[in-house]
Amino acid sequence: MTALGELMREPGPHGRFGEYGGRFVPESLVPACEELEVAFAEAWSDPGFRDELGSLLSSYGGRPTPVTECRRLSERLGIRLLLKREDLNHTGSHKLNNVIGQALLARRMGKSRLLAETGAGQHGVATATAAALFGMECDVYMGAVDVARQELNVFRMRLLGARVHAVDSGSRTLKDAINEALREWVATVETTHYCLGSVMGPHPYPYLVRELQRVVGDEAREQCRKVLQADPDFVVACVGGGSNAAGTFAGFVDTGARLIGVEAAGGAAMAHGVPGVVHGMRSKFLQDEAGQILEAESISAGLDYPGVGPEHAQLGDAGRAEYVQAGDEEVLAAFSLLAETEGIIPALESAHGLAWIVREAGRVIPTGSSVMLTLSGRGDKDVALVMERSR
Ligand SMILES: *Cc1c(COP(=O)(O)O)cnc(C)c1O
C-alpha cells in the first residue's frame, strides 16, 4: 500500500495510483496520450502557462471564489460550517477550472478542435464555453437518452457554437458517450484535443484534471486558515467521477483534516464497486456478476457515473479519504435547508455533501467541529426537477 506521504503527488510509472489508474487504450491512441502527457508536464512547469491560466480563471471565470461561513446553519447543526463557493464560477460550477486549462493546453499543442463527452450536459456546456472563448471548433458526444432528457443543455451547447452528437450505442448514456468520444479522438487526433471532464480515463487525464482542479483546495486551505486560524477538522466534497473532490483533497491531504467523499447512494462505486478496467483506466466500477457495467441511478445527473477516478480508489484503500453515501430524499432536504438558512441554492450534486454533514453532525462529526464543504455548483439547473418532486 502507498505510504500516506506519497499520496496526491505525481502518479507512478504508466500513470499508476497504487494498483489503479494506468493507460488501457488501443495502440492507435498511445501516441496521443503520450503527447498530452509531455505537453502537460512542460506547460505545468512553465510559469508563463500558469500565469495565463490564472489570469483567465480570474478575469473570465471569477476566481478566486470565496469561502463563506454559514452562520445560521452552523448554529443549527452545532458545528462550524464553511462553504468553498465553486457555484460562483462562470457557468456555475468547478468544471470551468478544468476546461479552461485543457483549452489552453490544446492551443499550446496546436490543436484547433475540442472533443468532449457529457452526461447531464454540464461538462459539455463548459467545454463549448471554452471553445467559444478560444475560437475553437467543438464537438460534444452525448448518449441519445441524455440528449432527450437534457434538452436545455443541448440547446445551450448549440448556442455556444458546438455540435452535439447523440450516441445510439449501448445504454445510450454517459458511458457510451465516453466510448464514442475516445473512438472519434483516434480518428482525428492530429487536429483534436479530447477534453475529458473528470479525474478519470487513461493517463495522464486523472492526474491532469486533478492538478487543474487543485486550485479549489489550494485556495480553500488559505481561506480556511484566515477564518479558523487552523485547518478544518473535516473536508467534504461530493464524488461523481471525482474531480471537485480530488481538487479539494489535494489542498488538504497533508493536513490533519478528515477527507470525506460523498457518493450518490445509487452510484456508489467506492462502496459497491469492483476493480476493473473501463474507459482506459483500472479503477472501481459498479458491475454485475458477468462484469457488465451497471447504470448508476441518482437524482443528480452529475453523479451518475458508474465508476470513480483511480486516485480515489487509492485514497480509499490507503485510508486517507473516507467514502460515504447520501440518498435522494436526504439530498432534497439538504437542498432546501441550505436555501432557507443561508440563501444559497446548491447543485443537487453538492447537496449530497451537505446531506451527509446534516445527518452526521453530532454523531460522526463531533459537536463543535469545523467542516469545510466544497459547494461544487449552483442549483439553478435543478430547480425545475426539485419543483416536480415536491408536487
Ligand atoms: C459534474 C459535476 C459534479 C461531479 O463531477 P466530479 O468530477 O465528481 O466533480 C459535481 N458537482 C457539479 C456541480 C457538477 O457539475
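## Ligand site

In this predicted model, an oxygen atom of the ligand lies 2.9 Å from an N or O atom in the side chain of His94. The side chain of Gln122 likewise places an N or O atom 2.4 Å from a ligand oxygen, and a polar side-chain atom of Ser198 is found 2.6 Å from an oxygen atom of the ligand. The protein buries 96% of the 380 Å² that the ligand exposes when taken alone.

There are 17 residues around the ligand, and those that come nearest are Lys95, Gln122, Ser198, Gly240 and Ser243. Gln122 and Ser198 thus appear both in this nearest group and in the side-chain distances given above, at 2.4 Å for Gln122 and 2.6 Å for Ser198.

## Helix α10

Ser243, one of the residues that come nearest to the ligand, belongs to helix α10, where it is buried. The helix spans residues 243–252 and is mostly covered, with 10 of its 10 residues buried. Among them are Asn244, Thr248, Phe249 and Phe252.

The packing partners of these buried residues include both helices and strands. The helices are α9 (205–228) and α12 (310–318); the strands are β9 (234–238), β10 (258–264), β13 (321–326) and β14 (370–375).

## Salt bridges

The count of salt bridges in the model comes to 36. Side chains of opposite charge can pair when their charged atoms come close. One such pair is Arg113 and Glu184, whose side chains meet at 2.9 Å, N to O. Because Arg113 lies in strand β5 (residues 113–118) and Glu184 in helix α8 (residues 174–188), the pair ties together parts that are 71 residues apart in sequence. Both Arg113 and Glu184 are buried, and they are linked with Glu137, Asp139 and Arg163 in a network of salt bridges.

A salt bridge also joins the side chains of Arg23 and Glu37, at 2.7 Å, N to O. Here Arg23 is in the loop between β2 (20–21) and α1 (30–44), whereas Glu37 is in helix α1, and the two are 14 residues apart. Arg23 has a relative accessibility of 21% and therefore counts as partly exposed; Glu37, with a relative accessible area of 32%, is also partly exposed. In the salt bridge between Asp168 and Arg172 the N to O distance is 3.4 Å. Asp168 counts as exposed because its relative accessibility is 56%, while Arg172, at 34%, counts as partly exposed.

Conventions:
Residues are numbered from 1 along each chain as its sequence is written. This is a predicted model: local features need pLDDT of at least 70, side-chain atom pairs count only at pLDDT 80 or more; totals for chains, interfaces and linings use all residues. Side-chain values use heavy atoms; hydrogens and water are left out. Buried means under 20% relative accessible area, exposed over 50%, partly exposed in between (1.4 Å probe, protein chains only). Helices (H or I, at least four residues) and strands (E, at least two) are DSSP runs, numbered from the N terminus. Contact means heavy atoms within 4.5 Å. A salt bridge is a side-chain nitrogen of Lys or Arg within 4 Å of a carboxyl oxygen of Asp or Glu. A residue is near a molecule or strand if one of its heavy atoms lies within 4 Å of it. A polar contact is a pair of N or O atoms within 3.5 Å; within protein, one must be able to donate a hydrogen and the other to accept it, and residues adjacent in sequence count only if both atoms are side-chain atoms. Accessible areas come from the Shrake-Rupley method with a 1.4 Å probe; for residues, only the protein chains shown count as cover.
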